[in-house]
Every structure is written in C-alpha cells, then in structure tokens.
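This briefing reviews selected side-chain interactions for a reader at the bench. The sequence and structure are shown first, and the notes follow by topic.

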Amino acid sequence: MMLARYLVRSIRSELTKLSWHNPLWYTIVPLAILIPVALNFGIAKASQAQTINGYGGMETSNTTYWVLIFSTFILMSGAVSSLSNEFKDKTVETVAGIQARRWLLPVAKLIVFGLLSGAVAGATTLLLLGGFPYLFPDVWGDVDAFSGTGIRLLICVPVFTMLVCALGLGLAALLPKPGLVVMIVLLWKFGIEVFVTFVNNDLGRMLQRLSPFKNGELGVGQLSTIESYFGGPNGSLLYFAVPCLIIFVLGILRLSTGDMKSD
C-alpha cells in the first residue's frame, strides 16, 4: 500500500508538470494528430483527382501508416524531453533527495506519457478509420473501423505507441540527451531497418523478418512486407515489446544505481 501511495504521488507530480504552458499541448500533441491526418487528406484528394499514380481504394490494413511513421515518434519525443530535462534543469537530484526510490521517476513518466501518447495515437487512428470513409467514400469506402483489422488497429496502435515511449524513456535514462535519443531511434527505424531491405539474399530477408519495428508494425495490424517469424501478429508485437521493455528496465537500473549528477 505504501509503495502504491508513492507511485500515485509520483504520477500526480508528473501531471502537475503538464500545465497548459507545457509545449506538449501546443506543439507535440497537435503535430502528432495533424501530420498523419493532413497527409492522408492530401493523398485522398489527389487520388480523387487521379493526379497521382496508383489511384485506388484505401484498405483498412494500410490506414495507420502515417500514424506509425510520425505520431509515435513525435509523441515519444515529448516523453524523452521530459525525462532529459530533469537532468538539464537539475531537478533529478532534488527528486532523488526527496524520494529514495529513483525508479518511480521513469515509471511515473511512462504511465503518464505512455497513456497520453496511446490515447492520442488511438484517437488519431479512430479519426482516420471512422471519419475518412465518410469524407472520401470513393477512396476510403472499403475501410471498416469495426472489422477485425480495424479493431486490432484501434487496440494495438496505442500499445505500439506506449512501447515506443518506453523505449525512448529507457534511452533517455541511459543517455539524457533528447536529440541524441531521438536520433538513435530514428537511425534504427529509418536507417538500419531500411538498409537491410537492400540486402537481396536470404540473409537480407532474415534480417528484415527480425527487424523490431517491422515486426511491431505487423503486430498492430498494419500492412507489412514481411512474414512473422513469431507465429503471427501477436508474436510479432510481443517480439517488438521485448527490446523496448529491456531498454526501459536498463534505464531504470541506471537511475537507481548510477550517479545522479545532472548534466
């Protein structure tokens, strides 16, 4: 009971920091919603006018591509900045002095930012699945939010986003430099995982099927170019979760046992 009380207190502290002056509300959250919506809107309008190649209808399994590409990493950056700023502003030393259980800080941030990010990604997914078929019936008419794929996307896209937040927070605890952390994650997703697609042999195909982010995208129900090594979407999503949570735990251990001096 005492431990739960400490955790609730830490969560309340994190919520208090999220005042309306926090850039999360007027930069990160709006961008996480507007960018995938605007991109899908532009593509749908262009498709209607038949001004781009590949004109055709949208499939439910391909509706969250821009959410996974943009929203998740934008939302992750909010969590990463929050934890990194604890070191930059020297508040991490104060927190450690008040509360000896250092692991409460990243866990509380994961609960707050993870749930918030999951809610924003889920709402964006619902907006696309539920609204665009009415705005663009000739392009999005086959999209069904209540199909098996649609329901999976509505449930698993928030889960994927929370796991990305856990990954970012873990790296931020290990390397409290927000720019460096975001660069590492993006380099892995858009550098290494893209590079292995150019390896045209059995090794290349194996590396693609072992790529964490590709498995995560397959796991949420998004159309994928790989087949799962792990028994299907559930196994692939679990495979993606493992490195995210391992890095988060390593970050907790660093905060719990390492030097708490701020940068």
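Arg209 sits over the face of the Tyr229 ring, 4.0 Å from the ring centre. The model is predicted, and every contact described here is to be read in that light. Beyond this charge over a ring, the structure contains six salt bridges and twelve aromatic pairs.

**Charge over a ring**

- The ring concerned is that of Tyr229, and the residue lying over its face is Arg209.
- The separation of 4.0 Å is taken to the ring centre of Tyr229, and a charge is counted as sitting over a ring when NZ of Lys or CZ of Arg is within 6 Å of that centre and within 35 degrees of the ring normal.

**Salt bridges**

- Six salt bridges are present in the structure.
- One of them joins the side chains of Glu14 and Lys109, with an N to O distance of 2.8 Å.
- Glu14 belongs to helix α1 (residues 2-17) and Lys109 to helix α5, so this salt bridge ties together parts of the chain that are 95 residues apart in sequence.
- Glu14 and Lys109 are both buried.
- Glu86 and Lys17 also meet through their side chains in a salt bridge, at 2.5 Å from N to O.
- Because Glu86 lies in helix α3 (residues 65-88) and Lys17 in helix α1, the pair ties together parts 69 residues apart in sequence.
- The two partners fall into separate exposure classes: Glu86 counts as buried because its relative accessibility is 5%, which lies under the 20% limit.
- Lys17 counts as partly exposed because its relative accessibility is 34%, a value between the limits of 20% and 50%.
- A salt bridge also forms between the side chains of Glu86 and Lys109, at 3.0 Å from N to O.
- With Glu86 in helix α3 and Lys109 in helix α5, the pair ties together parts that are 23 residues apart in sequence.
- Glu86 and Lys109 are both buried.
- Through shared partners, salt bridges join Glu14, Lys17, Glu86 and Lys109 into one network.

**Aromatic pairs**

- The structure holds twelve aromatic pairs.
- Among them, Phe73 and Phe213 form a tilted pair, with 5.8 Å from centre to centre and 55 degrees between the planes.
- This pair links distant parts of the chain, as Phe73 is in helix α3 and Phe213 is in helix α10 (residues 212-220), 140 residues apart.
- Phe73 and Phe213 are both buried.
- Phe160 and Phe213 form an edge-to-face pair, because their ring planes are at 70 degrees, with the centres 6.5 Å apart; edge-to-face applies to planes over 60 degrees apart.
- Phe160 is in helix α7 (residues 148-174) and Phe213 in helix α10, so the pair ties together parts 53 residues apart in sequence.
- Phe160 is buried, as is Phe213.
- Ring pairs link Phe73, Phe160, Phe190, Phe213 and Phe240 into a cluster.

**Surroundings of Ser117**

- Ser117 is located in helix α5 (residues 104-135).
- Ser117 is classed as buried because its relative accessible area is 2%, under the limit of 20%.
- Leaving aside residues up to four places away in sequence, Ser117 touches Leu75, Thr161 and Cys165.

Key: Residues numbered from 1 in each chain as written. Predicted model: local features only at pLDDT ≥ 70, side-chain atom pairs only at ≥ 80, totals over all residues. Heavy atoms only, no water. Helix = DSSP H or I, 4+ residues; strand = E, 2+ residues; numbered from the N terminus. Buried < 20%, exposed > 50% of the residue type's maximum accessible area, 1.4 Å probe, protein only. Contact = heavy atoms within 4.5 Å. Salt bridge = Lys/Arg side-chain N within 4 Å of Asp/Glu carboxyl O. Phe/Tyr/Trp six-rings, centres within 6.5 Å; stacked < 30°, edge-to-face > 60°.
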